[in-house]
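Reader: I have the model open and a list of labels beside it. Walk me through why each label applies.

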Amino acid sequence: MIHTNQWQPDTCGCVLEYTWDDAENQSTRVHTPTRIVKACPAHISMGKDAHYSKVLDENQRKNKAHGLILESMPELVDEVVLDDGSKVKKLKNGIEFKFAFDANRKLQISLTGITSKHKTDIQALVQAKLGSSKIDIL
Ligand SMILES: [Zn+2]
């Protein structure tokens, strides 16, 4: 069965509609963009497919950067045990992860509550994994 979802990423103001088929295996399932419900100023006048992949790329880049920090910087991370017994990692209290995109849609991550050494290490890590032209740690 084909399902239709709306997606509003936390990385911009776009709202996009896509379909997916629950007959497909979850790991190989494809999201097919079907409609641009709303285009934010940064993503105006783009074709549907290009629009969707651009917004997805930016959103995933932010999520991957956050994930890399959690995976690679144990001294900045607390492990929290949820009610169901599963564990999740989160940045320690006092550390703030904020993000924005500059005029060229380069991701700017601002981390407060960490040392400049950590910032340098994180910058090297995320740029090596995600591309130095794509991301900056402020
Ligand atoms: Zn957008």
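Author: Start with two helices in this predicted model. Helix 1 and helix 2 are oblique to each other.

Reader: Why are helix 1 and helix 2 called oblique?

Author: Their axes cross at roughly 130°. Over 145 would count as roughly antiparallel, and 65 to 115 as roughly perpendicular. The angle fits neither range, so the pair is oblique. The axes of helix 1 (residues 48–72) and helix 2 (residues 116–130) come within 10 Å. The crossing is right-handed.

Reader: Which residues make the contact between helix 1 and helix 2?

Author: Helix 1 gives Arg61, Lys64, Ala65, Leu68, Ile69 and Ser72. Helix 2 gives Ile122, Leu125, Val126, Lys129 and Leu130. By class, seven are nonpolar, one is polar and three are charged.

Reader: How do you know what span to expect of helix 2?

Author: Helix 2 has 15 residues. The expected span is 1.5 Å times one less than that number, which gives 21 Å. From first C-alpha to last, helix 2 reaches 20 Å, close to the expected value. Gly131 follows helix 2, with a positive phi near 105°.

Reader: What makes strand 6 and strand 8 edge strands?

Author: Each pairs on one side only. They belong to an open sheet of three strands, in the order 6-7-8, with mixed pairing. Strand 6 covers 96–101 and strand 8 covers 135–137.

Reader: How do you know that strand 6 and strand 7 pair?

Author: Pairing needs at least two bridges. Strand 6 and strand 7 (residues 107–112) have six, in the antiparallel sense. The bridge partner of Lys98 is Ser110 in strand 7.

Reader: Where do the helices lie on this sheet?

Author: Helix 1 lies across strand 6, strand 7 and strand 8, at about 30° to strand 7. Helix 2 lies across strand 7 and strand 8, at about 170° to strand 8.

Reader: What makes strand 2 and strand 3 a pair?

Author: Again, the threshold is at least two bridges. Five bridges join strand 2 (residues 15–21) to strand 3, and the two run antiparallel. Thr19 stands opposite Thr32 in strand 3. Helix 1 packs on this sheet too, touching strand 2 and strand 3. The direction of helix 1 makes about 85° with that of strand 3.

Reader: What is the strand order of that sheet?

Author: The order is 1-2-3, in an open sheet with antiparallel pairing. Its edge strands are strand 1 (2–7) and strand 3 (32–38). Neighbouring strands there are turned by 25° against each other on average, direction ignored.

Note on methods. Residues numbered from 1 in each chain as written. Predicted model: local features only at pLDDT ≥ 70, side-chain atom pairs only at ≥ 80, totals over all residues. Axes fitted to C-alpha atoms, helices over the stretch in contact; angles between N-to-C directions. Helix = DSSP H or I, 4+ residues; strand = E, 2+ residues; numbered from the N terminus. Parallel < 35°, antiparallel > 145°, perpendicular 65-115°, else oblique. Left-handed = near helix turned anticlockwise from the far one by under 90°. Contact = placed C-beta atoms within 7 Å. Nonpolar A, V, L, I, M, F, W, Y, C, P; charged D, E, K, R; others polar.
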